[in-house]
Amino acid sequence: MKILILGDIVGRPGRSFLKTHLKNYKSVHGIDCIIANGENAAGGAGITAKTANEILGSGVDAITLGDHVWDQMNFNREIDDLERVCRPANLPDSNPGRDRLFLEQDGLKIGIFTVLGRTFMGPKVDCPFQTATRLVEEMESESDFVIVEMHAETTSEKEAMGWYLDGKVGLVFGTHTHVPTADGRILKGGTAYQSDIGMTGPRESVLGRDIDACLGRFIDGMPRKCPVAQGDVGMQGCLLEINEKTGFAKSFERIEFRENE
Ligand SMILES: [Fe+2]
Ligand SMILES: [Fe+2]
């Protein structure tokens, strides 16, 4: 069983890229199911039911989210109707939406959840380590393979989560920084790990946003809009193969695909 996981989908360029390429990529690489983070899918900030359904229609099987989960007005009223979308699990219990998802494919049940980090992050969330412990305990009896997304700013907090869950889950992957790291590997306890898997969007950008606008913010500090960039669009993520007998990864690799490469 092969699973593709894609980093944060950024705006229309990211969504259009998936619509054009994902189904073909899936068949060429023999991929069974696809998970993607959609926290920047609508105009670069948040997601809507419409954009979520567009992404699912492009071949994504499950959408996770991050700190931008509620950036789009009304999404808090839409999320409960979206069966293949989950919000970060360590948000307050009163937040709407699912805190975990299960995918069933060829007799295998894959459990997925996201936790938000707390270092340099906005939302006031519960401890991601305690939440992860609770969810892993609750999910392990009903899943063959558990995937944990650590949506966080600092590499140290993500790497700590990787070691914390090593030997307990199949994969821990990071998102949020939109820049992939080169540390993808299988840890000594058997858990596949990568600190950040990157983004699905325009690389000719600052984290998916217009270069001049972002530069301006750093140089003169004046507030300005930072629209989604357009150039050099592609997808970044990771591809893992599950060992059905052990519940751990058989192989793990970082992937990057863009139209002209
Ligand atoms: Fe993001
Ligand atoms: Fe984020």
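Ser58 is buried, because 20 other C-beta atoms lie within 10 Å of its own; a residue counts as buried if 20 or more other C-beta atoms, placed from the backbone, lie within 10 Å of its own, as exposed if 12 or fewer do, and as partly exposed in between. The model is a predicted one, in which local features need pLDDT of at least 70 and side-chain atom pairs count only at pLDDT 80 or more, while totals for chains, interfaces and linings use all residues. Residues are numbered from 1 along each chain as its sequence is written, and chains are lettered from A and ligands numbered from 1 in the order in which they are written.

Ser58 lies in the loop between α2 and β4 (62-64), where helices (H or I, at least four residues) and strands (E, at least two) are DSSP runs, numbered from the N terminus. If residues up to four places away in sequence are not counted, Ser58 touches Leu18, Lys19 and Leu22, and two residues are in contact if their C-beta atoms, placed from the backbone, lie within 7 Å. Ser58 and Arg15 are 43 residues apart in sequence, yet their C-alpha atoms are 8.3 Å apart in space.

These partners lead to helix α1. The 18 residues of helix α1 (residues 11-28) should span 26 Å at 1.5 Å a residue, and its end C-alpha atoms are 25 Å apart, which agrees; the expected span is 1.5 Å times one less than the number of residues in the helix. Helix α1 also bends by about 50 degrees at His21, the bend being the angle between axes fitted to the seven residues ending at a residue and the seven starting there. The buried residues of α1 are Gly11, Arg12, Pro13, Gly14, Arg15, Phe17, Leu18 and Leu22, and they pack against β2 (8-9), α2 (49-57), β11 (199-204) and β12 (231-243). Just after α1, Gly30 takes a positive phi of about 60 degrees.

We turn now to the sheet. Six strands form an open sheet in the order β5-β6-β7-β8-β10-β9, with mixed pairing, where two strands pair if DSSP finds at least two bridges between them. The edge strands are β5 and β9, each of which pairs on one side only. Strands of a sheet pair through backbone hydrogen bonds, either parallel or antiparallel.

Beginning at the β5 edge, strand β5 (residues 101-105) and β6 pair in the antiparallel sense over five bridges, and Phe102 stands opposite Gly111 in β6. The two strands form a hairpin with two residues between them, and Asp106 in the turn has a positive phi of about 50 degrees. Strand β6 (residues 108-116) then pairs with β7 in the parallel sense over seven bridges, with Gly111 opposite Val146 in β7. Between these strands, the chain crosses from β6 through helix α4 (residues 128-140) to β7 in a right-handed β-α-β crossover; right-handed says that, with the strands pointing away from the viewer, the path from the first strand over the helix to the second runs clockwise.

How many of the residues of strand β7 (residues 145-151) are buried? Seven of the seven are buried, so β7 is largely enclosed by the rest of the structure. Phe145, Ile147, Glu149 and His151 point one way from β7, whereas Val146, Val148 and Met150 point the other way. Five bridges join β7 to β8, and these two strands run parallel, with Glu149 opposite Phe173 in β8. The chain passes from β7 through helix α5 (residues 155-164) to β8, and this β-α-β crossover is right-handed.

The largest nonpolar core (a set of buried Ala, Val, Leu, Ile, Met, Phe, Trp, Tyr and Cys residues joined through C-beta atoms within 7 Å) has 63 residues, and those with the most contacts inside it are Ile112, Val148, Leu171 and Val172. Leaving aside neighbours within four places in sequence, Val172 is in contact with Val148, Met150, Met161, Gly162, Leu165, Thr191 and Tyr193.

Two further residues deserve a look for their backbone angles. His176, in the loop between β8 (171-175) and β9 (185-186), has a positive phi near 110 degrees although it is a residue other than glycine, and His176 counts as buried because it has 27 C-beta neighbours inside 10 Å. Asp232, found in strand β12, is not a glycine but has a positive phi of about 60 degrees; Asp232 is partly exposed, because 15 other C-beta atoms lie within 10 Å.
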